[in-house]
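Biologist: I have a structure open on my screen and would like to learn how to read it. Could you take me through it step by step?

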Amino acid sequence: MDKGNCSTFTDFILMGITNKPEMKMILFIVFLLVYLISLLGNVGMITLIRVDPQLHTPMYFFLSHLSFCDLCYSTAIGPKMLVDIFSKNKAIPFFGCALQFFIGCTFVDSECMLLAVMAFDRYKAISNPLLYTVNMSSRMCALLMAGVYLLGTADALIHTTLAFRLCFCGSNDIDHFFCDIPPILLLSCSDTQVNELAIFIIFGFIELSTISGVLVSYCYIFLSVLKIHSAEGRFKAFSTCASHLTAVAIFQGTVLFMYFRPSSSYSLDQDKMTSLFYTLVIPMLNPLIYSLRNKDVQEAMLKLKNKRWF
């Protein structure tokens, strides 16, 4: 495509979730509550883990970063989406759109890899509990998290650079509630095969490696649990993994459905509903999943509630 035929956009227009006036108030109330619960839950989880010494373990260190990832990408998308429901001016600057996508992609990728790291952590805790604190030292945990954020940032940088260097012609209306790759590619009059190839190769590699890591870790966990003689011990081992498995199934299932469909089956309406689920609902669910079934977190919450601050 000749660059001379490209339109120079200073901003994009986010069309939002719906154009139906009768649905706007309902959607605003529902997703405002979802976002506020997500915000309160994730900030609360991070604070609780920081202030309670009993939660200063590798498992809760990774859990605090999971909450941080949820908080970052939901906040990059949620407030703007809520404002746009009733706003007449739904414009987002070109570089603001690129930044929103970059932040969202960075922390979604990071969460994807972090879930695999958390599975590895559970394997180390169950297979050899006596050496757990040695194998998963503070230095090891910090290096794992540095690797997660570095890879997430690198992947986001590649996709952002490829997407926002495309040639855009005609309309600058993005039929979505945030800047995401599929609707942005639909606006381009350039050949987007490189972008689609990058999604399948780079993000596909991340998905394949992280899902494989989770499956391998849980195979070893299952074999380790079988060696535990007491039924109580087996139940305790499985219960520590139940929350993580639930979070993995919900997150990975949604992301795979979102980004690994053939382009012929792509639907913007379906895409919006799926995006709402993984950008706002999952960040709300994760703190609930990890707190409702977790005795350590519940005890820490009770201690914090009963603590005398003055």
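Biologist: What share of the contacts in the chain with a separation of 6 or more comes from residues 24 or more positions apart?

Modeller: Please keep in mind that this is a predicted model. A contact here means heavy atoms within 4.5 Å. In this chain, residues 24 or more positions apart account for 80% of the contacts with a separation of 6 or more.

Biologist: How many helices and strands does the chain have, and in what order do the elements run?

Modeller: There are 10 helices and three strands. Reading from the N terminus, the order is β-α-α-β-α-α-α-β-α-α-α-α-α. The chain's radius of gyration is 21 Å, close to the 19 Å that the globule rule gives for 310 residues, so the chain is as compact as a globular protein of that length. Along the principal axes, the C-alpha atoms fill a box of roughly 70 × 45 × 30 Å.

Biologist: Next, the surface. How much area does the chain expose, and what share of the residues is buried?

Modeller: A residue is called buried when its relative accessible area is under 20%. By that cut-off, 47% of the 310 residues are buried. The exposed area of the chain is about 15,900 Å², with carbon and sulfur atoms supplying 69% of it.

Biologist: Which residues make the nonpolar surface patch?

Modeller: Look for M25, I29, L33, I37, F86 and L288, which together make a patch of about 540 Å². Helix α1, residues 21–51, gives the largest share of this patch, with four residues. M25 is found in helix α1.

Biologist: Why does M25 count as partly exposed?

Modeller: The label for values between buried and exposed is partly exposed, and exposed means over 50%. M25 has 45% relative accessibility, so M25 counts as partly exposed.

Biologist: Now my favourite topic, cysteines. How many disulfides does the structure hold?

Modeller: To call a disulfide, we ask for a pair of cysteine sulfur atoms within 2.5 Å. The structure holds two. One is formed by C97 and C179, with their sulfur atoms 1.9 Å apart. This pair links distant parts of the chain, 82 residues apart: C97 lies in helix α3 (residues 94–127), and C179 in the loop between β3 (173–174) and α6 (181–187). Both C97 and C179 are buried. The angle about the S-S bond of C97 and C179 is -125°, a left-handed link.

Biologist: Which cysteines does the other disulfide join, and is the link left-handed or right-handed?

Modeller: C169 is joined to C189, with an S to S distance of 1.9 Å. Distant parts of the chain are linked here too, 20 residues apart: C169 is in the loop between α5 (138–163) and β3, whereas C189 is in the loop between α6 and α7 (193–226). The torsion about the S-S bond of C169 and C189 is about 50°, so this disulfide is right-handed. C169 is partly exposed, with a relative accessible area of 23%, and C189 is partly exposed at 28%.

Biologist: Why is C69 not bonded to C72?

Modeller: Go back to the distance between sulfurs. The closest cysteine sulfur to that of C69 belongs to C72, and because they are 6.8 Å apart, this is too far for a bond. C69 has 0% relative accessibility, so C69 counts as buried. C105 is in no disulfide either, as the nearest cysteine sulfur, in C112, is 11 Å away. C105 is buried, with a relative accessible area of 11%.

Conventions. Residues numbered from 1 in each chain as written. Predicted model: local features only at pLDDT ≥ 70, side-chain atom pairs only at ≥ 80, totals over all residues. Heavy atoms only, no water. Patch = residues over 30% accessible without salt bridge, like charges linked within 9 Å, V, L, I, M, F, W, Y side chains within 5 Å. Areas by Shrake-Rupley, 256 points an atom, 1.4 Å probe, with all protein chains shown as cover. Salt bridge = Lys/Arg side-chain N within 4 Å of Asp/Glu carboxyl O. Helix = DSSP H or I, 4+ residues; strand = E, 2+ residues; numbered from the N terminus. Buried < 20%, exposed > 50% of the residue type's maximum accessible area, 1.4 Å probe, protein only. Rg over C-alpha atoms; globule rule 2.2 N^0.38 Å.
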